[in-house]
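Visitor: Please take me through a close look at a single part of this model, one piece of secondary structure with its partners and surroundings. I would like a connected account rather than a list.

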Amino acid sequence: MTTLIAFESSADETSVAVVKDGNQVLSNAVATQINSHQRFGGIVPEVASRHHLEWITKTLDIALDESGVNPDDLDGVAVTYGPGLVGSLLVGLMGAKTFAMAHNLPLIPVNHLAGHIAAANFNKAIEYPAIALMVSGGHTELVLMEKENSFEILGETYDDAAGESYDKVGRLMGLNYPAGKAIDELADQGEVTIDFPQAMAHEAGYDFSFSGLKSAVINQVHNAEQRGDVIDQKDLAASFQAAVIKALIDRTRRALQDFPVRSLVLAGGVAANSGLRHALAELMTEFPDTDFIPVPKQYTGDNAAMIGAAGYWNYKQGIFADLDLNTHPGLDFPLREKKTD
C-alpha cells in the first residue's frame with residue numbers, strides 16, 4: 001500500500017489531497033477562487049497567487065484531518081510543477097517542498113496534464129494501450145499511452161483550446177466565468193439552428209482549431225444585432241456546443257481507427273460536459289473492444305487527488321525530485337514522431 005499527499009495550485013484552485021495506491025481518495029480539499037476572478041472574466045495571475053498563499057496551509061490541514069492519516073503514515077509528497085501560472089505553481093511547490101523536508105519524505109514531481117488523465121483510475125483502471133482525449137481551458141489534445149505513465153501527443157489545438165472557446169463565447173452571451181457549465185445547461189434546452197463551421201474538417205491528422213468557430217459565433221451575434229434580430233440563447237448555445245463536440249468526436253474517431261487501443265479516457269475540465277460525455281459514449285459503440293473511461297465529474301476540474309494518482313505512477317517508477325525542483329509553466333507531453341516511408 002502506498003499513501004501519498006498531493007499539492008495542486010497550477011491555476012485558480014488551491015488543493016491538497018491524500019490518495020492511496022493511485023485510485024483511492026482519502027481526502028481532497030479544494031479552495032476555489034471563481035468568485036474572485038469572475039468580475040475580470042478570467043484568471044488574474046497575481047490575484048490567484050495571493051489566494052494560494054492564503055489557502056495552502058488551510059487545505060493541507062483539512063486534507064490531513066479528513067483522511068485520518070498522520071505524516072508518519074505517508075510514503076511521499078506529489079506536487080504539480082507544470083504546466084500552469086508560474087506564481088501559482090510556486091506556492092504549491094514551496095508548500096510541498098516544506099512538508100517533504102519537515103517529514104523526511106521523497107518529493108514527486110507531477111505533470112498537471114498527467115494528473116488529469118490519471119484521475120480516470122478513480123472510475124476504472126485504465127488498460128493499455130490507451131488514448132486520452134484531454135479537453136480543458138488550456139489544452140485540447142489527443143494523447144497516446146502505449147503503457148502506463150507514457151504519453152505522446154497525436155494531435156493538439158492550433159489556437160484556442162475548447163475550454164477557452166467556451167469562456168469567450170460565454171462572455172459574448174453575458175454569462176459568468178467560467179462559462180462551460182452554463183453553456184452546457186443552455187444547450188441541453190435548445191436546438192441546433194445554426195450550422196457553425198468546423199475548422200480543418202477535411203484535413204488529415206488529429207489536430208484541432210477553435211478560433212474560427214469562436215469568430216463565427218461572434219459574427220453571427222453581431223450581424224443579428226445589426227439587423228435587429230434576437231438570437232435565442234439556448235439555440236445559440238446548442239449550435240455552438242454541437243460544433244465543438246463534432247470536432248472532438250471526428251478527430252477522436254480517426255485516432256481510434258488508426259490506433260486500436262483498450263481504453264479511451266476523457267479528461268480535463270470540459271470532460272464534465274454532459275453533451276460531450278453522451279456523444280463519446282455513442283461513438284464508443286463503434287469500437288466495442290475499447291473501454292470508455294471518463295474521469296468522474298467531481299475530479300475533472302483541477303484538484304490534488306488527480307496529482308496523487310499521477311504521483312503514484314511516478315512513485316512506482318522511482319521518479320523523484322530534489323528540493324531544488326523549479327516550476328515548468330510550459331510543460332507538455334512530447335509529440336509523437338510521424339513515421340516516414
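Guide: Happily! Let me start with the one term we need: two strands pair if DSSP finds at least two bridges between them. With that in hand, let us settle on strand β7, residues 140-145, and keep in mind throughout that this is a predicted model.

Begin with the partners. On the N-terminal side in sequence is strand β6, residues 130-135, which runs antiparallel to β7 and is joined to β7 by 6 bridges. Since two bridges are enough for a pair, β6 and β7 qualify. If you want a register mark, find L133, whose bridge partner in β7 is L142. The chain passes from β6 to β7 through a hairpin of 4 residues.

The next strand along, β8 (residues 152-156), also runs antiparallel to β7, with 4 bridges between them. A handy landmark for this pairing is V143, which has I153 in β8 as its bridge partner. The hairpin of β7 and β8 has 6 residues between the strands, and among them N149 takes a positive phi near 65°.

Now, how many of the residues of β7 are buried? The count is 6 of 6, so by the cut-off of under 20% relative accessible area the strand is mostly covered. In a regular strand the side chains alternate between the two faces of the sheet. It is worth looking at β7 with that in mind: T140, L142 and L144 lie on one side, E141, V143 and M145 on the other, and both faces are covered.

One name in that second set deserves a pause. E141 is a charged residue in β7, and E141 is buried yet has no salt bridge. Side chains of opposite charge can pair when their charged atoms come close. For E141 the nearest side chain of opposite charge is R336, and R336 is 14 Å away, whereas a salt bridge requires a nitrogen within 4 Å of a carboxyl oxygen. What does E141 touch instead? Leaving aside neighbours within four places in sequence, E141 is in contact with A132, L133 and M134, and with I153, G155 and E156. The contacts of E141 also include L113, F208, D332 and F333.

R336 itself does have a partner, and that partner brings us back to the end of our strand. R336 forms a salt bridge with E146, the closest N and O atoms being 3.2 Å apart. E146 lies in the loop between β7 and β8 and R336 in the segment after α10 (304-316), so the pair ties together parts that are 190 residues apart in sequence. Both residues are partly exposed: E146 has a relative accessible area of 47%, and R336 has one of 22%.

To put that salt bridge in context, the structure holds 12 salt bridges. One of them joins K168 and D160, with the closest N and O atoms 3.1 Å apart. D160 counts as buried because its relative accessibility is 8%, while K168, at 29%, counts as partly exposed. Salt bridges that share partners also join K246, D250, R253 and E286 into one network. The D160 and K168 pair has a neighbour you may like to find: K214, in helix α7 (residues 211-227), is in contact with both D160 and K168 when residues within four places in sequence are left aside. K214 is buried, with a relative accessible area of 16%.

A salt bridge inside a helix makes a useful contrast with the one formed by E146. E54 and K58 both lie in helix α2 (residues 45-67), 4 residues apart, which is about one turn of the helix. Their closest N and O atoms are 3.9 Å apart. Both count as partly exposed, E54 because its relative accessibility is 40% and K58 because its value is 37%.

So, coming back to β7: the strand has antiparallel partners in β6 and β8, both of its faces are covered, E141 is buried without a salt bridge, and E146 in the loop that follows is paired with R336.

Notes: Residues are numbered from 1 along each chain as its sequence is written. This is a predicted model: local features need pLDDT of at least 70, side-chain atom pairs count only at pLDDT 80 or more; totals for chains, interfaces and linings use all residues. Side-chain values use heavy atoms; hydrogens and water are left out. Buried means under 20% relative accessible area, exposed over 50%, partly exposed in between (1.4 Å probe, protein chains only). Contact means heavy atoms within 4.5 Å.
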